[in-house]
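This briefing is meant to be read alongside the sequence and the coordinates. It goes through selected features of the fold one topic at a time.

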Amino acid sequence: MALGKRLNMEKSKKLFEEAAAIIPGGVNSPVRACLSVGAAPVFVDHGRGARIFDVDGRSYLDFVSSWGPLICGHAAPWTTAALEEAIKKGSSFGAPTEGETRLARLINRNYPSMEMVRLVNSGTEAAMSALRLARGFTGRDRIVKFQGCYHGHADSLLVAAGSGLATLGIPGCPGIPAALAELTLTVPYNDVAALTAVFEKHGSEIAAVIVEPVAGNMGVVPPQPDFLPAIENLTRRYGALFICDEVITGFRLGLGGAQAHFKIKPDLTILGKIIGGGLPLAAFGGRREVMERLAPVGDVYQAGTLSGNPLAVAAGLAAIEHLMAEPSIYSRIRQASERLSAGLLALAGENGLAVCGNQIGSMSTLFFAAGPISDYASALKSDVGLYAAFWRGMLARGFWLAPSQFECCFTSAGMIPDDIDNALDAADAVFKGLKK
Ligand SMILES: *Cc1c(COP(=O)(O)O)cnc(C)c1O
């Protein structure tokens, strides 16, 4: 399991030491610390297209895409131009601007279930707000989430939450009052029988079911065919709201996200990541009668100093308009993802490694487990030590993968078939070193 090449990371190392002295763990979001892959973080200098460049002068083909937002790659000229234009006018007013309505309309055009939209600053904020709204609207307190799904770090949602907690092995999180956590019922992903049982027991107390329509935060786990329709039917039957967290899948599985792909109609939807074009922006929206319970029309309070920020809105508009003008991007990034995923499985198999893969659209995960992987419990059977060794080998060869087994590998529009072939050649060399 030797690294093969020794990396020169002197500047990254120094910057990390300085950061760790003043910022907890040296990072502003835990997964960036690369702890689970036994590495120190790579400090980034800049990005261009499908590549990032570190402070030590090395470049990497980027399969992380800032954890999802950068479907068209780094420093896209249309984003840069839109931001240059916007900043000249000022950065924030705390008063409405026209772009906010344009962005809400573009979202509604692609997500007809989002009859009304409100803009916020992060996926966490959108999920937290949608949950409060669902509780306010239904007058009920309990919510249902699925084990291994991540919906940001609001108290009610940080229960069995996958993502960074799975990566760091944190089972539950101190600081969340037990009385609040008890209101969150958790069910295994893809388990219709368990969900039905929860509704039979608590149906009249459940405000909402929240789900990642394709799970991305326990590694990629697609929904089985009966799963999303069952959520839709049960919520409807019991008067609960169906909240679809499309922070990853929105504008990624296609312009219409997972709800168009799987033909489902949630009551509320959460968007983030791609809709901000790399700036802090997210949204929640849904049925008019539900959204009109929000202040100032209704009594459910929700607000934000920087909500609908003109720079974030300009970047978001540029990103969405570009995707709508060039929808062929979606088949290109899907093909790249298929080629990568199938290639990795074949090569790992040839090298005698027990792996399985899940892939849909531009999202994939190679699990170091025999599989199949259909929920959090099966994902957790992965050999994270092997993933870490794979990750380090790929990093040394110039490929930037998510520094955790339990995340997505994203292809982006700037990648060409040669890039994928090079990644597969590198993976083959790494697999040979992992072979027992
Ligand atoms: C990233 C993510 C969030 C949280 O978004 P932030 O902008 O990081 O707060 C919520 N839901 C899902 C599915 C995500 O992947």
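What follows covers strand pairing, an internal cavity, salt bridges and aromatic pairs.

The structure is a predicted model, and the values below are computed from it. A search of the whole structure finds 13 salt bridges, and a search for aromatic pairs finds 11 of them. The cavity count comes to 1 when a volume of 30 Å³ or more is required.

**Strands β8, β9 and β10**

- Strand β9, which spans residues 268–271, is covered on both faces: L268 and I270 are buried on one side, while T269 and L271 are buried on the other.
- Strand β8 (residues 241–245) pairs with β9 in the parallel sense over 3 bridges, and in this pairing D245 stands opposite I270.
- Strand β10 (residues 282–286) pairs with β9 in the antiparallel sense over 4 bridges, and here I270 stands opposite F284.
- I270 of β9 therefore has D245 opposite it in the pairing with β8 and F284 opposite it in the pairing with β10, and the residue counts as buried because its relative accessible area is under 20%.

**The open sheet β11-β12-β14**

- An open sheet is formed by 3 strands in the order β11-β12-β14, with antiparallel pairing; its edge strands are β11 (356–360) and β14 (409–410), each of which pairs on one side only.
- Strand β12, residues 363–367, is joined to β14 over 2 bridges in the antiparallel sense, and S364 stands opposite C409 of β14.

**The largest cavity**

- The largest cavity holds about 210 Å³ of space.
- Its lining consists of 19 residues, and those nearest its centre are L344, L366, F390, L401 and C409.
- By class, the lining has 12 nonpolar, 6 polar and 1 charged residues.
- Three elements, namely α12 (328–350), β12 and α14 (384–396), each supply at least two residues of this lining.
- C409 thus appears both among the residues nearest the cavity centre and, in β14, as the residue opposite S364.

**Salt bridges**

- D419 forms a salt bridge with R51, with the closest N and O atoms 3.1 Å apart; the pair links distant parts of the chain, since D419 lies in helix α15 (residues 417–434) and R51 in strand β2 (residues 51–54), 368 residues apart.
- Within that pair, D419 counts as buried because its relative accessibility is 7%, whereas R51, with a relative accessible area of 30%, is partly exposed.
- The side chains of R287 and D267 meet in a salt bridge with an N to O distance of 2.8 Å; R287 lies in the loop between β10 and α10 (288–291) and D267 in the loop between α9 (257–261) and β9, so this contact ties together parts that are 20 residues apart in sequence.
- R287 counts as partly exposed at 22% relative accessibility, while D267, at 9%, counts as buried.
- R339 forms a salt bridge with D421, where the closest N and O atoms are 3.1 Å apart; this pair also links distant parts of the chain, with R339 in helix α12 and D421 in helix α15, 82 residues apart.
- R339 is partly exposed at 40% relative accessibility, and D421 is likewise partly exposed, with a relative accessible area of 27%.
- Through salt bridges that share partners, D267, R287 and E289 are joined into one network.

**Aromatic pairs**

- Among the 11 aromatic pairs, that of F146 and Y189 has ring centres 6.2 Å apart and planes at 85°, so the pair is edge-to-face.
- F146 lies in strand β5 (residues 142–147) and Y189 in the loop between β6 (184–188) and α7 (192–202), so the pair ties together parts that are 43 residues apart in sequence; both residues are buried.
- F390 and F431 form a stacked aromatic pair, at 5.3 Å centre to centre and with 15° between the planes; this pair links distant parts of the chain, with F390 in helix α14 and F431 in helix α15, 41 residues apart.
- F390 and F431 are both buried, and ring pairs link these two with F368 and Y387 into a cluster.
- F390 also belongs to the residues that lie nearest the centre of the largest cavity.

Note on methods:
Residues numbered from 1 in each chain as written. Predicted model: local features only at pLDDT ≥ 70, side-chain atom pairs only at ≥ 80, totals over all residues. Heavy atoms only, no water. Pairing = 2+ DSSP bridges. 1 Å grid on protein atoms, 1.4 Å probe; cavity = no way out; pocket = protein on both sides within 12 Å on 5 of 7 lines; lining within 4 Å. Points joined across faces, edges and corners; volume = space filled by probe spheres on them. Nonpolar A, V, L, I, M, F, W, Y, C, P; charged D, E, K, R; others polar. Buried < 20%, exposed > 50% of the residue type's maximum accessible area, 1.4 Å probe, protein only. Salt bridge = Lys/Arg side-chain N within 4 Å of Asp/Glu carboxyl O. Phe/Tyr/Trp six-rings, centres within 6.5 Å; stacked < 30°, edge-to-face > 60°.
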